[in-house]
Amino acid sequence: MIKNNNILITGGAGFIGSTLANALLPDNKVIVLDDLSMGDFNNLDESINLTKIEGNLVDKELLGKIFSENEFDYIFHLGAVASVADSVARPYETHQVNFDSTMTILEILRTRKSKLKRFVFSSSAAVYGDEPTLPKREESVIRPLTPYAIDKFASEKMAMIYNLLYDIPTSATRFFNVYGPNQNPESPYSGFISILVDRLKNEKELTIFGNGEQTRDFVYVEDVVNALLLIATSDKSRGQVYNVGTGSRITLNDLVKLSQEITGKKISIKFDKEREGDIRDSISDISKLRSIGYEPNVDLALGMKKYLEYEFKK
């Protein structure tokens, strides 16, 4: 466990970032940097250990100021334009956030003496693209299909190079489909589950792009936070990239059925054409992450029950 450390979390007001920040706040000083385009500072627990900074990752002057005024033990770089569709529509703008910001932070770390224990970059299973071999292993063929996936892969490789060449302690994670409380269903970046939960809660029609038989490896956000903390503190994980998932998958149609069974509610489904850049099937091999002590604690049935109970009580 991480205690008595200074921590920077980019994108820390967002879904995963705020969950991570709240887990760290009782025992650490945490600075959260977020432009609030999709995040919300209200996701964060109030704490004297928390510093909130509203700002954009492309602002090099701001990043320089943050690093000149603070010495960090851990950096979790989660800030990103986390939308495949947005990267297709605005490739250059999303590249600035999704790749250039990583380079800026790594360069700051390279050119300044630092007591940094670990820089953890959050990548994505999108890097695997449509290469059909399943499950996806860290050494699987990389076939990015979108600017988003290219930027994520380039960022994680750059982080590994800074570890190798410049002795900056780095690690990276490839998230599969993360779900749980505080995921914004109105966000264009939102995951399928948060949209599904919103439609169940409000008894609205759900749109599924494709026929619903595409499969996903859904991982609960608490398990993701546990993986991030483990990777940040393991000696073995330095210079390594890890899949973060569950190693199991479900079709979107079966997920809808499961959710309706849990809630006792039925919603109408509209099937629309597949979206450009969407992956047909996805499942992780997490044996590498298991080798350093990780085990997902929340299976999909339990995770959906917890998430639905949380949302329906709001």
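Hi everyone, this is a short tour of one helix, some aromatic rings and a few charged pairs. Please keep in mind that we are looking at a predicted model.

Let's begin with helix α10, residues 300-313. With 14 residues at 1.5 Å a residue, α10 should span 20 Å, and its end C-alpha atoms are indeed 20 Å apart, so the two agree. Which residues of α10 are buried? They are L300, G303, M304, Y307, L308 and E311. These buried residues cover an arc of only 125° around the axis, so they sit on the same side of α10. As a general point, an α-helix has 3.6 residues a turn, so residues three or four places apart point the same way. And what does the buried set of α10 pack against? Its partners are β7, α6, β10, β12 and α8.

While we are on α10, have a look at E309 and K305. They form a salt bridge, with the closest N and O atoms 2.7 Å apart. The two are 4 residues apart in the helix, so about one helical turn separates them. E309 is partly exposed at 37% relative accessible area, and K305 is partly exposed too, at 41%.

Now to the rings. The structure holds 6 aromatic pairs. One of them joins Y128 and F176, a tilted pair with 6.3 Å from centre to centre and 35° between the planes. Y128 is in the loop between β5 and α5, while F176 is in the loop between β6 and β7, so this pair ties together parts 48 residues apart in sequence. Both Y128 and F176 are buried.

Another pair is Y179 with F218: the centres are 6.5 Å apart and the planes meet at 85°, so this one is edge-to-face. Y179 belongs to strand β7 and F218 to strand β10, 39 residues apart. Y179 is buried at 0% relative accessibility, and F218 is buried at 6%. Here we come back to our helix: Y179, F218, Y220 and Y307 form one aromatic cluster, and Y307 is one of the buried residues of α10.

Charges also meet rings. R110 lies over the face of Y166, 5.2 Å from the ring centre, and K288 lies over the face of Y242, at 5.0 Å.

Finally, back to salt bridges, of which there are 17. K136 pairs with E131 at 3.5 Å; K136 is buried at 2%, and E131 is buried at 12%. K265 and E203 meet at 3.4 Å, N to O, linking two loops 62 residues apart. K265 is partly exposed at 21%, whereas E203 is exposed at 55%.

Thanks for listening!

Note on methods:
Residues are numbered from 1 along each chain as its sequence is written. This is a predicted model: local features need pLDDT of at least 70, side-chain atom pairs count only at pLDDT 80 or more; totals for chains, interfaces and linings use all residues. Side-chain values use heavy atoms; hydrogens and water are left out. The expected span of a helix is 1.5 Å times one less than its number of residues. Buried means under 20% relative accessible area, exposed over 50%, partly exposed in between (1.4 Å probe, protein chains only). The arc is that of the directions from the helix axis to the C-beta atoms. Contact means heavy atoms within 4.5 Å. Rings of Phe, Tyr and Trp (its six-membered ring) pair if their centres lie within 6.5 Å; planes under 30 degrees apart count as stacked, over 60 as edge-to-face and the rest as tilted. A charge sits over a ring if NZ of Lys or CZ of Arg is within 6 Å of the ring centre and within 35 degrees of the ring normal. A salt bridge is a side-chain nitrogen of Lys or Arg within 4 Å of a carboxyl oxygen of Asp or Glu.
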